[in-house]
Amino acid sequence: MLTGLARDGGLYVPETVPTIDASTIAAMEGQSYEQIAYTVMRPFIGETFSDDEVRACIARAYEGFGHAARAPLVQLDQGHFLLELFHGPTLAFKDFAMQLIGQLFQTALKRRGDRVTIVGATSGDTGSAAIEAFRGLSNVDVFILYPHGRVSEVQRRQMTTPVEDNVHALAVDGDFDDCQARLKDMFNDFEFRDGVGLAGVNSINWARVLAQVVYYFSSAVSVGGPHRTVSFTVPTGNFGDIFAGYIAKRMGLPIDRLVVATNQNDILHRCLSGQGYHKGDTIPSISPSMDIQVSSNFERALFDAYDRDGGAIAQLMDELKAGGFEVSQGAMEALQDHFDSGRVSEEETSAQITASLKTSGELLCPHSAVGVHVAEAQRAQGTPMITLATAHPAKFPDAVEAATGLRPPLPPRMADLYERAERLTRVPNDLAALKAHIIAHRAS
Ligand SMILES: *Cc1c(COP(=O)(O)O)cnc(C)c1O
């Protein structure tokens, strides 16, 4: 959890995936989200934290959510449900994982008498979720690099308005790829990395994946699981959220299909359709949190599909640096055992926002609309479909207004976001300058 990325460049995965038996899953019906979270995550945590510490971290992580159910389910149509994952402090599903790892980091570091410096790069949602999760925690400094002028106003204000002095929003003169490249440079600079105690919280952190497994259980139980099988459709970028669904399935939750929904940046859809895994150019879309070229958590799914052969995966990742690779027939069959996929154009996304408002009264954010559109095409008779709604419509008001004529208001608890004072530092796209800034502004 504290290390994030392994030093050899690979990703951490659990050696074994614990299973939960059907009677324990059935007993989740009527339990609180926090109780279910404890049951699902406890077997992965071992001796690292005591039972009481895990319970306390879970309680503090979700107490600031704006909905008592944390992840409520609403019905869109016969057999089609929307899992609202946007009631956290920054109105996107990333709060589920980030709020929890904020608490877990603080608990672990305090016990060790240690501090870390978290540096993250964001195109918007990850950075705001990280700043919200770590602000005011005494053993952590947080620096978030975002591309100056290229995040939405709500996203920027969520990063620049927290007043705690352990969190720092850095507006980089560059684009998101520049921010990510500088972040990688810092992690590869072992002297700097060890000197400031650099830690990462990007979506390849295993603890983030784990926290997201929980709502697959809570929602499946709400529609009749484990006595009936459920399918999920997930708006997908880095494959973290849907990979959590795959882990839930391996833990014993009866899931039929896991459907990957992409926007026009469709590397995953092409791959799952048998066309190999080849990078293209990222095309900006109205669902910007899914505008990716390389889907970092997909490596974990490939690892299982190649029978956990680390050497084979390392070779594929090398080929990816040079542009891409073909997936072997055996691995393709293993992936297709679990995953389906669909791709949604910009026009279809807008049309879905309009249509869903008309047929169900639900105002969808563009990412969630991508999911609902794919789910409508992939639904099977008799198996409930749950589509994950990954952000609140008010986080992407321009796209929603263009589709519906309605400008979604912020929830009342954050309605004054546009009035709060902002605090940020403009920084050049330059490694030495960034390192110097971080060294000068961290607390220790
Ligand atoms: C991050 C994000 C996604 C993509 O999630 P992955 O885990 O990267 O697949 C989708 N929608 C929204 C709103 C997001 O913030």
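A polar contact is taken here as a pair of N or O atoms within 3.5 Å. With that cut-off in hand, the ligand site of this predicted model can be read contact by contact. An oxygen atom of the ligand lies 2.8 Å from a polar backbone atom of Gly237, which is within the 3.5 Å limit. At Asn238, a polar backbone atom is again the partner, with an oxygen atom of the ligand 2.7 Å away. For Thr390 the side chain takes part: one of its N or O atoms is 2.8 Å from a nitrogen atom of the ligand. As for cover, the ligand taken alone exposes 380 Å², and the protein buries 96% of that area.

The wider surroundings of the ligand comprise 15 residues, of which Lys94, Asp125, Gly237, Asn238 and Thr390 come nearest. Sorted by class, this shell holds five nonpolar, seven polar and three charged residues. Two domains supply at least three shell residues each: domain 1 (22–63 + 93–205 + 419–441) and domain 2 (73–89 + 210–404).

Stepping back to the whole chain, the fold contains 18 helices and 13 strands. The radius of gyration is 21 Å, close to the 22 Å that the globule rule gives for 444 residues, so the chain is as compact as a globular protein of that length. Along the principal axes, the C-alpha trace spans about 60 × 50 × 50 Å. Burial can be stated for the chain as well: 58% of its 444 residues count as buried.

Methods:
Residues are numbered from 1 along each chain as its sequence is written. This is a predicted model: local features need pLDDT of at least 70, side-chain atom pairs count only at pLDDT 80 or more; totals for chains, interfaces and linings use all residues. Side-chain values use heavy atoms; hydrogens and water are left out. A residue is near a molecule or strand if one of its heavy atoms lies within 4 Å of it. A polar contact is a pair of N or O atoms within 3.5 Å; within protein, one must be able to donate a hydrogen and the other to accept it, and residues adjacent in sequence count only if both atoms are side-chain atoms. Accessible areas come from the Shrake-Rupley method with a 1.4 Å probe; for residues, only the protein chains shown count as cover. Ala, Val, Leu, Ile, Met, Phe, Trp, Tyr, Cys and Pro count as nonpolar, Asp, Glu, Lys and Arg as charged, and the others, Gly among them, as polar. Domain bounds come from an automatic or database domain assignment. Helices (H or I, at least four residues) and strands (E, at least two) are DSSP runs, numbered from the N terminus. The radius of gyration is taken over C-alpha atoms; the globule rule is 2.2 Å times the number of residues to the power 0.38. Buried means under 20% relative accessible area, exposed over 50%, partly exposed in between (1.4 Å probe, protein chains only).
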